[in-house]
Amino acid sequence: MSAVLVAVPQPRHTETRDLPHWSEWLVGQLDPYWRPDEWDGKTNVFTGSVDNPLTAAHYCRVVRCTAMVEAFNSYCSACEYHRRKKKMEDRADFAETHHPGVRYARKIGKSQFTLAPLSATVRTEILYALQQRDQMEVILVPARVRHLTAKLPAGLGSLFDLGQGFPASLEKLQSATFRGLMDQLVRARTEHEGSDPTAGDIWDCRLVGLLAGKGREYRATSGTIDFTRLRQTWLREVAKEYGRQVRPTVIELRFTVQAASIASAALVSRPCGDMPGKLQLADMSTVVDAFRTAVNPKTRKPYGDKHRRALLGHWRRFLERARLLGLMDEVPGAFALSPAFHQIDAQEDAEDELGRAIPEHVIAQLDEHLHLIGTSYERGGWTSSDYARMYAAYYRIVRDTGRRPEEAARLKRGCVKRVDGKPTLIYDNLKRRRYGRRLPITEATARDIEAWEKDLSVLPVRDRGEDWLFPAPGQNRTLRGHMSAHHYSSHIFRTWVNRVPSLLAEGIDDEGDPVPLDRSEITVYGLRHAYAQRHADAGVPVDHLRELMDHREIDTTMGYFKVSLERKRKAVERVAPLTTDRHGNSHGYSDVLAYEGQTVAVPYGGCSEPSNVKAGGQHCRIRFQCAGCDFYRPDPSYLPALEQQIAELRADKEAALAMGAANWVIRNFDDQITGYDKSLGQMPEHAGTASRTGTGSCRGSGPGTAQGPVGRRVHLAGEPEDQGRGMSGTASSRDARVARLRQARQADSTAKSVRTQAVVRDMLQAGQRISFARVAREAGVSTWFVYNQPVVKAAVRDAMSDQAHHGTEAAAAPRSERTTPASLHVDLAFAREQIQDLKRERDGLKRRVQLALGAEIDNVARADLVSRIQDLEHRNRVLATDLSEARARAERLAEQHREAEETVASLRLALRKAIRPVR
């Protein structure tokens, strides 16, 4: 085994040694100063204190009653009896006016328990387990311990002597208490015996001590992790050592083992699966194929697309971390996941499938039955109706704000602020660790939050829950003062959905009856998707919706909603009459069926070439050179894509000039730029004519538009575009709007020109190499803008001429967020050239040093020779430093280049997928 993977240790063995007696060892682990105000070590009696938040001991709610109760803000049995007898519904009035009678002293009260009747070993075991639970901040309930000790057999020597059927003889709460105590004792017994719980191939989660999961800051108390599913010995040992060193949560480790088991099953069929030193890329390709076809072993049905990609992600992280820890040093580097080959593509959804969003008609049905939400749980002075109001308020907030369930559960009191008189919700984006975020909300939503906050102000809440809008129910929640979003989703919400008598989907079956809805598809997170879908259907631009959803990338936002088939059809009706040919001449389609049947979508417009249309855009002989084809049919919805293509062509041309490409390559770029420029220049005129005749323009990002792949923007017909602005839609109102838009465009263009000229001056003063692409990146404008603004273009050319005459220092590496593939190619070529110059200079210096020392070594004094050697060593260190910096810079540029290529590949893939529905 050591010859295969030297970094993986051998299986661990327990040394044979003399162990102290179990009870003696356990006594040494006890804290003699544990709860000095509550535990009396002489009498072995525990008396709960109301001042300790980790003890379930409280005074009766009746002011004059001195009895102790287990639940916060509740009545003792005697006062509860009198309250029911008097039928006093106003509990607050009863608590103030009731006079309790004479009480008889009990030997052991409700807040006490005694361990005196138990044997010394059992007493020590219980004390040790309670002290360990204290460190986990688990509340101690004296009544449960008292009831449990009363059920223990007389003369019991140890809790380990109890039979396996003993927990079944206990009540539910007693059984839970016993299980919690035994979890601590089993872990202590393992430590006492010196055994390693991770030595075997099946790990007991109670003994390993891993956290249960993300957001569950407590150690797992049940379950196992089975590594025997990994058939290769080397993979099994790597996975176990990974669990020992990384210490992931139990849930994460189980997913990792599941992913590794899929890979293990795939490697069984490979000739070198059991020989890690001979694994290659082909073996990894077989593993990825297994992930693509993975099935659920319980249902024997294929896993969903998202789950397969999640499993592949766990496998990728496992390999990366294992190599980082040195666990796979003997495995060749070729056995790795390649972004170019090892991806699982997302499956296409049906045209009218709206993702995970809960349809609006289903939300309406849920709203009608909101009175059914709740629980029979009553604790801590809260009735079931109090909990029902809290759960209903939580549902409304998630429904109306679209926040993640955990973010809504962690809302603070006073989370609604008024900004310019309008309500704003203050919340924390926990997923991306962005805190104090602001979300505009409606007055109705603000009133719902303020109404629940008013109800909450009169309800009793523990100290840990005073700051939260949704405090945690129950008493054993000291680590988390707020309600658990997971508990709400899996229990409260699921129970409520199942209670609704009837939930119907859209449409009817073959017999004309309404189709019942699959209730398993209704989730709390689906309300967030419904929020995105609702805003998208209302015509909210995707960049605005990204801000509302608090996403970093627009691609993430677009995954939350779908454009329905009806909206796509109406969009086609609007753009069909505005189609042109490659010369800019109008070539509109009056019939939507003709537009869809005679053209196929290509990256920069439509194509009407019959064979290519028949092949769905996959039979073009001059692919990606549409500007030179007579079958090219662009329309105004492609204006952003055309502008981007022209900018990229100019950047590629600049890179080709820097690399000394042949003239025919440069001419090809010039011809394509001229062709696309011609279409770009003529198309706005046709769009403006169509706007004046009532057809409308497709360009823009205001309400009623949606942005597709490669920057494509299409008006969504049927949206109240003019109504949202309060305009009548007449010709005069359109002219006024056009005038305002022109003024705004001119002001924006002027500001960009001023900013770009300032960037040119700053770069010139800083000694950075100036180019059109670099200036555009630094100024945050498009390359098309720099080329087509005469003032800016002249400033850039003057600066480039000045640098050509006076020289300049090497430009700094561009910021990664503004890089393009063309600029990375140029910067990488410059870096490689500098590295070659440094290498040649280093080699020349070495030869000169050798010749100089060989000729002068005999005639030079020792002091001069030492001084010269020191000088040469210093120069050598300087050159070595320069070389390492240049190499590091080249590596950074290469990494940026790879990332840019991956981005381009993903965009092309998204484009191909977007082309299919348009067919």
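The following exchange concerns the strands, nonpolar cores and side-chain pairs of a predicted model.

Visitor: Which residues have the most contacts inside the largest nonpolar core?

Guide: This core of the predicted model holds 57 residues. In soluble globular proteins, nonpolar side chains tend to be buried together. The residues with the most contacts inside the core are Y394, Y395, W452, F470, Y488, W496 and I522.

Visitor: Which helix gives the most residues to this core?

Guide: Among the elements that give two or more residues to the core are helix 12 (360-368), helix 13 (384-401), helix 15 (443-456) and helix 16 (485-499). Strand 11 (422-429) is also one of these elements. The most, nine residues, comes from helix 13.

Visitor: With which residues is Y395 in contact, leaving aside its neighbours within four places in sequence?

Guide: Y395 is among the residues with the most contacts inside the largest core, and Y395 also belongs to an aromatic cluster that includes Y488, F493 and W496. Those three cluster members are among the contacts of Y395. The full set is I363, L366, D367, L370, Y488, F493, W496 and L527.

Visitor: How many residues are in the second, separate core?

Guide: Among the members of this second core are V208, Y242, V288 and L312. The core is separate from the one described above. Its residue count is 44.

Visitor: Are Y394 and F470 stacked or edge-to-face?

Guide: Y394 lies in helix 13 and F470 in the loop between helix 15 and helix 16, so the pair links parts of the chain that are 76 residues apart. Both rings are buried, with a relative accessible area of 0% for Y394 and 0% for F470. The ring centres are 5.4 Å apart, with 85 degrees between the planes. Because an angle over 60 degrees sets the class, the pair is edge-to-face.

Visitor: What is the angle between the planes of W315 and F318?

Guide: W315 and F318 both lie in helix 11 (residues 305-324), three residues apart, about one turn of the helix. W315 is buried at 1% relative accessible area, and F318 is buried at 1% as well. The two rings form a tilted pair, 5.7 Å centre to centre, and the angle is 35 degrees.

Visitor: How many bridges join strand 11 to strand 12?

Guide: Strand 11 runs antiparallel to strand 10 (residues 416-419), to which four bridges join it, and V419 has K422 of strand 11 as its bridge partner. Strand 11 also forms a hairpin with strand 12, with four residues between them and R433 in the turn at a positive phi of about 55 degrees. Across the antiparallel pairing with strand 12 (residues 434-440), T424 stands opposite P440. The number of bridges joining strand 11 to strand 12 is five.

Visitor: Which strands stand at the edges of the open sheet of order 15-16-17?

Guide: The three strands pair in the antiparallel sense. Strand 15 and strand 16 (residues 605-607) are paired over three bridges, with A601 opposite G606. Each edge strand has a single partner, so one side of each is left without a neighbour in the sheet. The edge strands are strand 15 (600-602) and strand 17 (632-633).

Visitor: How many residues apart in sequence are the parts tied together by E450 and R418?

Guide: E450 forms a salt bridge with R418, the closest N and O atoms being 3.5 Å apart. E450 is partly exposed at 35% relative accessible area, and R418 is partly exposed at 42%. Because E450 lies in helix 15 and R418 in strand 10, the pair ties together parts whose separation in sequence is 32 residues.

Visitor: Over the face of which residue does R189 lie?

Guide: R189 forms a salt bridge with E193, with 3.5 Å between the closest N and O atoms. Both residues lie in helix 6 (residues 172-193), four residues apart. R189 is partly exposed, with a relative accessible area of 27%. At 5.0 Å from the ring centre, R189 lies over the face of W22.

Visitor: Over the ring of which residue does the charged end of R403 sit?

Guide: R403 is placed 5.0 Å from the ring centre by its charged end. The ring in question belongs to Y427.

Conventions: Residues are numbered from 1 along each chain as its sequence is written. This is a predicted model: local features need pLDDT of at least 70, side-chain atom pairs count only at pLDDT 80 or more; totals for chains, interfaces and linings use all residues. Side-chain values use heavy atoms; hydrogens and water are left out. Two strands pair if DSSP finds at least two bridges between them. A nonpolar core is a set of buried Ala, Val, Leu, Ile, Met, Phe, Trp, Tyr and Cys residues joined through side-chain atoms within 4.5 Å. Buried means under 20% relative accessible area, exposed over 50%, partly exposed in between (1.4 Å probe, protein chains only). Contact means heavy atoms within 4.5 Å. A salt bridge is a side-chain nitrogen of Lys or Arg within 4 Å of a carboxyl oxygen of Asp or Glu. Rings of Phe, Tyr and Trp (its six-membered ring) pair if their centres lie within 6.5 Å; planes under 30 degrees apart count as stacked, over 60 as edge-to-face and the rest as tilted. A charge sits over a ring if NZ of Lys or CZ of Arg is within 6 Å of the ring centre and within 35 degrees of the ring normal.
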